[in-house]
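Biologist: Pick one part of this model and take me through it closely, please. I'd like to know what it touches and what lies around it.

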Amino acid sequence: ILDTISGGAYEESGRKWSAKDIGIKERACAWMQHGFMSVDTKLGAGRAFLRSLYEQYAEWGVDFVKHDCVFGDDLDINEISFVSEVLKQLDRPILYSLSPGTSVTPAMAEDVSGLVNMYRITGDDWDSWGDVIAHFDVTRDFSTASMIGAMGLLGKSWPDLDMLPLGWLTDPGSNEGPHRRSNLNPDEQRTQMTLWSMAKSPLMFGGDVRKLDETTYNLITNPTLLEINSFSSNNMEFPYITSMMDSKSRDDILAWLSTRSLTSVEISDPHVLGLTSCMNSKAIGWSINQASDQDPEKICWKEKLGSKHQAPLCLYKRGSLLPLDERMTYKQQYQGKLHLTATDRMDSCLSASSNQKLTSKEFKRGALLPCRWDTNQMWELNFNGTLVNSYSGLCATVNDVEAKVSSGGTRSWIATGRRGEIYIAFFNLSPAKTVISAKISDLAKVLPSKNLKGTSCKCKEVWSGKEIAVTDQTISMAAEIHGSALFVLNCD
C-alpha cells in the first residue's frame, strides 16, 4: 500500500502493509465476490489505501467516480465518509456517485446525501416497461422527503434513477453483443425521459453513442427536458388529477394486469416476495410447517393475503452445501442458518442480494439463484416470526400480487421553471388510452407561491408541439398506452 505522505510503502507497527491486510472479507460484494470487498477504514493502512487510490484518480484527471457495493443492502457509511473527506482535500473536483442502491429509503439516503453528489435509489434499470413503472413510487417518496437537490459534497446531491436504456444496446451482462434496439417503444421512452427530467435525476445515457439514431438523439437532447432537469424547482408528484379510460373495459384491463404480473413472479404462488427492515411489523409472519414423510420441512408465510382460499407462500429447507469437514469447522458460526428453495427448483436458493446486479423488477420480487455457500443465501428464522438474511440483515416479507399491480393507472408530476413557467407532466401507466385532466386552481395546492386564481394561462404540449386550449380552467389530454404528456404553462 502506498503512503502518499512519505512516498513509500505504508508502514505501521513495525511492518509494511499490503492490500490483503485491509479487505473485510466477510463484506465481499455479493454480485462480484472476487472483485469487490469493503475496506477497513479503522486501520491506518485502510485509510492510506483509499487516499492513494483517489489521489491517483485526481492525477489522471478523472471527473466522475461511481463507488459500488457500499450503499443500499451493502451500506458502509465508514468507507463512504472517508472517501468523501479525501475528495474534499483534492486539488480538483470529482463527482462522487454511489451504487447500486437496492433497499434504499429516504431515511438511509439522508445519512449519505451530504457526503456525495448522487446515489442510486433503485436496482439496475433496463429497457422493460416493468423497470420504468417501478420508479414512480420511489421518486415520489424521495421528492416528498425533500431529497432532490439536498446539500451534498461541495454542492448538492441527487437521487439517481440509473441509466437511460435507449438506442443501441446489448442484453444485461453481455458486453460484446448481440446488439439490438431498445425494447421500449417510443411512448415508453418519452415517459421514462420525462420522469427522469421531472425528478431531476442525473441523466446517464446507456446506449452506444457511435450508433445514435436521430429519434434517440432528439429525445435525449430535448431542450425543454434538459431545462427542467437542470433548472426547475419545486419538483414533486402532483396528485390532483382525474382520468377516464378510453376504449377498454375495466375487466379487460384487470385481466391484462393479472397476466402481466403473474408471469413476472418466479415463485408459483400469487404473492410477491420482498425485503424490508426487520424492525418493520410487516416482516413478522413466518413459521415452520411440520414435515411429513412425503413433505419436507418448510417455512411458510402465515399472514392472510388476498383471498382466504389462497395457499400460503412456503419456502423449503435445503440440506447443507458444505462438505462434512467444513461443516464441523463452521458449525458454530453458521448454527441455525438455512438455505431456502422453492418446491419445483431445488437447485435454486433464495438470495437477499443477487450475485448479479438486479433490475428494479427483479429486486421487487426477490431472486432465486443457483445455490451457493455464501451469506446472501443464508437465512435464520427468529422466534418473533421474522426471517433474517445473514448478509444484509434485512428480513423477508410477502405481499399479495394485487398490491404490485395497483401502482398502475395515471400519475402526474409538477415543477416550476426559472422564468416563472409551470411544468406539468401526465403519465398513463395503464394498458389503455386514457384521458387525464387537471384543474388550474389545483396547481396552487402544491405551489402556494403561485397566485393562480382567475389567471389566464397559455399552454403548450411538448411532444405534440401543439398549443392546448385551457377550457374551464382545466388542462386535458388523451395519453397513449404507457405514454405521457408534458405541458409548459405561462399564466398571467
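**Helix 8 and its surroundings**

Modeller: Helix 8 lies across strand 12, strand 25 and strand 30, and it runs at about 70° to strand 30. Bear in mind that this is a predicted model, where local features need pLDDT of at least 70, side-chain atom pairs count only at pLDDT 80 or more, and totals for chains, interfaces and linings use all residues. Numbering starts from 1 along each chain as its sequence is written, and side-chain values use heavy atoms, with hydrogens and water left out. Helices (H or I, at least four residues) and strands (E, at least two) are DSSP runs, numbered from the N terminus. Axes are lines fitted to C-alpha atoms, for helices over the stretch in contact, with angles from 0 to 180 degrees between N-to-C directions.

Let's begin where helix 8 starts: there, a side-chain oxygen of Asn222 comes to within 3.0 Å of the backbone nitrogen of Thr224.

Next, what's tucked away? Leu225, Glu227, Ile228 and Asn229 are the buried residues of helix 8, buried being under 20% relative accessible area, exposed over 50% and partly exposed in between (1.4 Å probe, protein chains only). They pack against helix 6, helix 7 (214–220), strand 25 (422–428) and strand 30 (484–491).

Now the helix 6 side. Helix 6 (residues 186–198) packs with helix 8 (residues 223–231) at an angle of about 30°, their axes 8 Å apart. That makes the two roughly parallel, a label for angles under 35 degrees (over 145 is roughly antiparallel, 65 to 115 roughly perpendicular, the rest oblique). From helix 6, Met193, Thr194, Trp196, Ser197 and Met198 meet Leu225, Ile228 and Asn229 of helix 8; contact means heavy atoms within 4.5 Å. By class, this contact has 5 nonpolar, 3 polar and no charged residues. Here Ala, Val, Leu, Ile, Met, Phe, Trp, Tyr, Cys and Pro are nonpolar, Asp, Glu, Lys and Arg charged, and the others, Gly among them, polar.

Then there's the sheet. Its 6 strands form an open sheet in the order 12-24-25-30-27-28, with antiparallel pairing, where strands pair if DSSP finds at least two bridges between them. Strand 12 (233–237) and strand 28 (467–468) are at the edges with a single partner strand each, so one side of each has no neighbour in the sheet. Strand 28 is joined to strand 27 (residues 457–461) by 2 bridges, running antiparallel; Lys460 has Glu467 in strand 28 as its bridge partner. Helix 5 (residues 135–144) also lies across this sheet, over strand 12, strand 24 (410–416) and strand 25, at about 35° to strand 24.

Methods
A polar contact is a pair of N or O atoms within 3.5 Å; within protein, one must be able to donate a hydrogen and the other to accept it, and residues adjacent in sequence count only if both atoms are side-chain atoms.
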